[in-house]
Amino acid sequence: YASDLYRLMTYPTVLVFKASPNPLAEAIHMCMPVVVVPSGLPMEDWVIEWVRDTGVGLVAHTPAEAAAH
């Protein structure tokens with residue numbers, strides 16, 4: 001947990017995270033590009049589809065693929 005998340009979110013140039021709506025919303029709010037890794041949870045599949053359909057980021061299916069972006 002970080003009480004200064006807003007400040008911490010100003011440092012990275014890209015956010016790599018498992019498919020989840022909360023970090024996606026935070027990254028969009030900060031105008032930060034994202035690389036999303038599928039979580040394996042069916043209820044979060046829409047995050048992958050939304051990122052791909054809107055073009056706000058990239059989808060990587062493995063850690064190596066995420067690092068290559």
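This section describes the fold, strand pairing, salt bridges and surface of one chain. The model is predicted.

The chain has four helices and three strands. From the N terminus on, the order of these elements is α-β-α-β-α-β-α. The radius of gyration is 12 Å, close to the 11 Å that the globule rule gives for 69 residues, so the chain is as compact as a globular protein of that length. The C-alpha trace spans about 30 × 25 × 25 Å along its principal axes. Buried residues make up 30% of the 69 in the chain. Contacts between residues at least 6 apart in sequence were also examined; 22% of them join residues at least 24 apart. The exposed surface of the chain comes to about 4,600 Å². Carbon and sulfur atoms supply 63% of that area.

Strand pairing was considered next. Strand S1 covers residues 15-18 and strand S2 covers residues 34-37. The two strands run parallel and are joined by four bridges. Val16 of S1 has Val35 as its bridge partner in S2. Lys18 has Val37 as its bridge partner in S2. The side chains of S1 alternate between two faces. Leu15 and Phe17 point to one face and are buried. Val16 and Lys18 point to the other face and are not buried. Strand S2 is covered on both faces. Val34 and Val36 lie on one side, Val35 and Val37 lie on the other, and all four are buried. The bridge between Val16 and Val35 therefore pairs a residue that is not buried with one that is buried.

Two salt bridges were counted. Side chains of opposite charge can pair when their charged atoms come close. One salt bridge joins the side chains of Arg7 and Asp4, with an N to O distance of 2.4 Å. Arg7 is partly exposed, with a relative accessible area of 40%. Asp4 is also partly exposed, at 28%. The other salt bridge links Glu44 with Lys18, and their closest N and O atoms are 3.2 Å apart. Glu44 lies in the loop between S2 and helix H3 (45-54), while Lys18 is in strand S1, so this pair ties together parts that are 26 residues apart in sequence. Glu44 counts as buried, at 12% relative accessibility. Lys18 counts as partly exposed, at 43%. Lys18 thus takes part in a salt bridge with Glu44 and in a strand bridge with Val37.

Glu44 also takes part in a contact with Ser20. Ser20 lies in the loop between S1 and H2. Its relative accessible area is 13%, so Ser20 is buried, the cut-off being under 20%. Leaving aside neighbours within four places in sequence, Ser20 is in contact with Glu44 and Val47.

Met43 has its place in the loop between S2 and H3. Met43 is exposed, with a relative accessible area of 57%. Glu44, in that loop too, is buried. Met43 and Thr54 are eleven residues apart in sequence, and their C-alpha atoms are 19 Å apart in space.

Cys31 has an unusual backbone angle in the sense that follows. Most residues other than glycine have a negative phi. Cys31 is not a glycine, yet has a positive phi of about 55 degrees. Cys31 lies in the loop between H2 and S2. Its side of the chain is open to solvent by the area criterion: Cys31 is exposed, with a relative accessible area of 70%.

A nonpolar patch was found on the surface. Ile28, Trp46, Trp50 and Val56 make up this patch, which has an area of about 350 Å². Ile28 is found in helix H2 (residues 21-29). At 40% relative accessibility, Ile28 counts as partly exposed. Patch residues need over 30% relative accessible area, so Ile28 at 40% passes that cut-off.

Definitions and conventions:
Residues are numbered from 1 along each chain as its sequence is written. This is a predicted model: local features need pLDDT of at least 70, side-chain atom pairs count only at pLDDT 80 or more; totals for chains, interfaces and linings use all residues. Side-chain values use heavy atoms; hydrogens and water are left out. Patches are made of residues with over 30% relative accessible area and no salt bridge: like charges are joined within 9 Å, nonpolar side chains (Val, Leu, Ile, Met, Phe, Trp, Tyr) within 5 Å. Accessible areas come from the Shrake-Rupley method with a 1.4 Å probe; for residues, only the protein chains shown count as cover. A salt bridge is a side-chain nitrogen of Lys or Arg within 4 Å of a carboxyl oxygen of Asp or Glu. Buried means under 20% relative accessible area, exposed over 50%, partly exposed in between (1.4 Å probe, protein chains only). The radius of gyration is taken over C-alpha atoms; the globule rule is 2.2 Å times the number of residues to the power 0.38. Contact means heavy atoms within 4.5 Å. Two strands pair if DSSP finds at least two bridges between them.
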